[in-house]
Amino acid sequence: MNAPADVKAWLAAQEAKELLRFITCGSVDDGKSTLIGRLLYETKQIFDDQLAALEADSKRHGTQGAKIDFALLVDGLSAEREQGITIDVAYRYFTSEKRKFIVADTPGHEQYTRNMVTGASTADLAVLLVDARKGVLTQTRRHSYLAQLVGIRRFVLAVNKMDLVDYDQGAFDAIAADYRAFAEKIGISDWIAIPVSSLNGDNIISRSDATSWYKGPTLLEHLDAVPLDLAADVEKPFRMPVQWVNRPNQDFRGFSGQIASGAVKAGDEVRVLPSGRVTKIDRIVVSGGDLEEGVAGQSVTLSFADEVDCSRGDVIAVASDPPEVADQFEATIVWMADEPMLAGRGYWLKLGAQLVTATVQEPKYEVNVNTLDHLAAKTFELNSIGVAEIATDREIVFEPYAPEGSSPNRVLGGFILIDKMTNATVACGMLHFALRRALNIHRQHLDVSRETHAALKGQKPAVLWFTGLSGAGKSTIANLVEKKLTARGRHTFLLDGDNVRHGLNRDLGFTEADRIENVRRVGEVARLMADAGLIVMTAFISPFRAEREMVRKMLPEGEFIEVFVDTPLAEAEKRDAKGLYAKARAGELKNFTGIDSPYEPPEKPEIRIDTTAMSAEAAADLIVEQLDKRR
């Protein structure tokens, strides 16, 4: 049965409305959830049964006495209702006569700043709430700085709870002046201050008689009228990150993704990055058929006129103006994990559909969000915002996040860092530019390959990575293995932890960051030696799985052999020939593995040696035997 014409017309009108995405943010208990609840209520987005449930919940969980607690519309978690704060991001959809809206209610508590950044990452506008009694606080400034950092250019300063200061214009003007001074410092120019009371509805939908001195728009009037730069992404050069290679049958091969910017037509010449291969667009396919043109925001499948290698993570761009490709960058980083950043540790970096290993160097500086001063820092801790250099293990396609005078390149300029062990997102960041050394340094082709080096020596290169506690017997076993291999005519080299610290790594201590750098350097040297065709043995505690995995990734498949010299801590202490455990127990030796610094045993080592059941000689024979099987 066909829908009535007026219903169809209504649906068409709803579909044609502009969409504004915005967030509510600010310090804890400034009334963000109540504001959204009031907006939903006043725009008649709440059904009768929802209203009845809200009234009942307000009596049980509310904080407003006999009044409806509108915050309960969005604070749905039991922990949020118990504490009266927002913890997670809550998204709500509502409409007005002029526009559609998606609003993200973000938490104000400093502990959940990471959730606020998540909500801001896709928003066009920020409604920043300030308690009229408290004024502009540190978290107000932090949220403003973060919102501006992730690309939000339009702000509303909603001075809330005006009813609790008797709608005093002086209090409102003082807060607006305070915020104006801060906004000018960080480059926020497009903002408006509105006096509101979320609880009573003053200046939310309709003007309040209590603020007759205020002549500006209500909050909804401003949301309805704020200009949207809808054409900004369309006017940029064409870019589309490839999400999926689409092969429904043997006659079709397409590349699916969402167009990040620009427009593309059949016949346009495009470049596939990072390879740089050039081809032309044959078809632009969507579920309903082919398009003449695809534009920013559309999800499409592109097919090429030629057979060009392209896979998930690649970027299809206009041939005449492609994005950059590099592996070293300067970036702003917002650290969102409880554990501090470890310089030199390998993290997953996700940029669009690209996933690579990245290491973050010691910060250039950290930003004080109150004064905007640049502070010296050795690391990033929870909620730190600062600038550092990043290196990736292979080249990635990128664009600067916030080019001068342009809207942000969120898809190819914004990234997240993921802990390799826990898969937790630990940071988000914005790329500034590629480092000059990344652009100037290129890999030199060498005519004598690593395969040639190995063939001359008549052996298959390998890195035997001995790991275990101090006193486990790593150096002893590794030394025996090298003697046995040398006796068989193999070409070897042994990198011992203590010996390396006398030379290459003499500048490093035993902090967690220094241990990571120690392993990284040794891994790079071992890789070069393997390139020369050698069988390399390394005897290091190397306590962290992430760093051992980092070295594994440096080498071709099968050339990294993890040898876990498994010795219980009590047994290792008995063998304490150097007296190190005794010093650590006495507090004379800090950051000692097994005592006050953790050791993460391998989960799936290629070879495991139980030194309580096997002599060093027998262990060496076993390792050589396993190595022979690889030939």
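## A parallel sheet, its helices and some ring pairs

Helix α19 (residues 616-628) lies across β25, β27, β28 and β29, and runs at about 170° to β29. Please keep in mind as you look around that this is a predicted model.

Let us begin with the sheet beneath that helix. It is an open sheet of 5 strands, in the order β26-β27-β25-β28-β29, with parallel pairing. At its edges are β26 (492-496) and β29 (607-610), each of which pairs on one side only. From one strand to the next, the twist averages 15°. Helix α16 also packs on the sheet, where it touches β25 (462-467) and β28, and its direction makes about 150° with that of β28. As general background, strands of a sheet pair through backbone hydrogen bonds, in either a parallel or an antiparallel way.

For a closer look at one edge, follow β26 to its partner. Strand β27 (residues 535-539) runs parallel to β26, and 5 bridges join the two. Within this pairing, Leu495 stands opposite Thr538 in β27.

Next comes a residue just past α16. Leu555 has its place in the loop between α16 (545-554) and β28 (560-566). Its relative accessibility is 10%, and because buried means under 20%, Leu555 counts as buried. Leaving aside neighbours within four places in sequence, Leu555 is in contact with Val463, Arg527, Ala530 and Phe560. Between Leu555 and Gly523 there are 9.2 Å in space, C-alpha to C-alpha, while the two are 32 residues apart in sequence.

Another residue worth a visit is Lys484, which is found in helix α13 (residues 474-487). When neighbours within four places in sequence are left aside, Lys484 is in contact with Glu617, Ala620, Asp621 and Val624. Two of the side-chain links are polar contacts: Lys484 reaches the side chain of Glu617 at 2.6 Å, and a polar contact of 2.9 Å joins the side chains of Lys484 and Asp621.

Now for the aromatic rings. A pair of rings is described by the distance of the centres and the angle of the planes. The count here comes to 14 aromatic pairs. One of them is Phe94 with Phe101: the ring centres are 4.8 Å apart and the planes meet at 20°, so the pair is stacked, the cut-off being under 30 degrees. Phe94 is buried, at a relative accessible area of 0%, and Phe101 is buried with a relative accessible area of 0%. Ring pairs also bring in Phe22, which is linked with Phe94 and Phe101 into a cluster.

Charged side chains meet rings too, as the table shows.

| Charged residue | Ring residue | Distance from the ring centre |
|---|---|---|
| Arg141 | Phe182 | 5.9 Å |
| Lys420 | Trp348 | 4.4 Å |

In these pairs, Arg141 lies over the face of Phe182, and Lys420 lies over the face of Trp348.

Finally, here is the chain as a whole. The protein chain has 19 helices and 29 strands. Of its 631 residues, 50% are buried. Among the contacts in the protein chain with a separation of 6 or more, 71% come from residues 24 or more positions apart.

Methods:
Residues are numbered from 1 along each chain as its sequence is written. This is a predicted model: local features need pLDDT of at least 70, side-chain atom pairs count only at pLDDT 80 or more; totals for chains, interfaces and linings use all residues. Side-chain values use heavy atoms; hydrogens and water are left out. Helices (H or I, at least four residues) and strands (E, at least two) are DSSP runs, numbered from the N terminus. A polar contact is a pair of N or O atoms within 3.5 Å; within protein, one must be able to donate a hydrogen and the other to accept it, and residues adjacent in sequence count only if both atoms are side-chain atoms. Contact means heavy atoms within 4.5 Å. Rings of Phe, Tyr and Trp (its six-membered ring) pair if their centres lie within 6.5 Å; planes under 30 degrees apart count as stacked, over 60 as edge-to-face and the rest as tilted. Buried means under 20% relative accessible area, exposed over 50%, partly exposed in between (1.4 Å probe, protein chains only). A charge sits over a ring if NZ of Lys or CZ of Arg is within 6 Å of the ring centre and within 35 degrees of the ring normal. Two strands pair if DSSP finds at least two bridges between them. Axes are lines fitted to C-alpha atoms, for helices over the stretch in contact, and angles run from 0 to 180 degrees between N-to-C directions.
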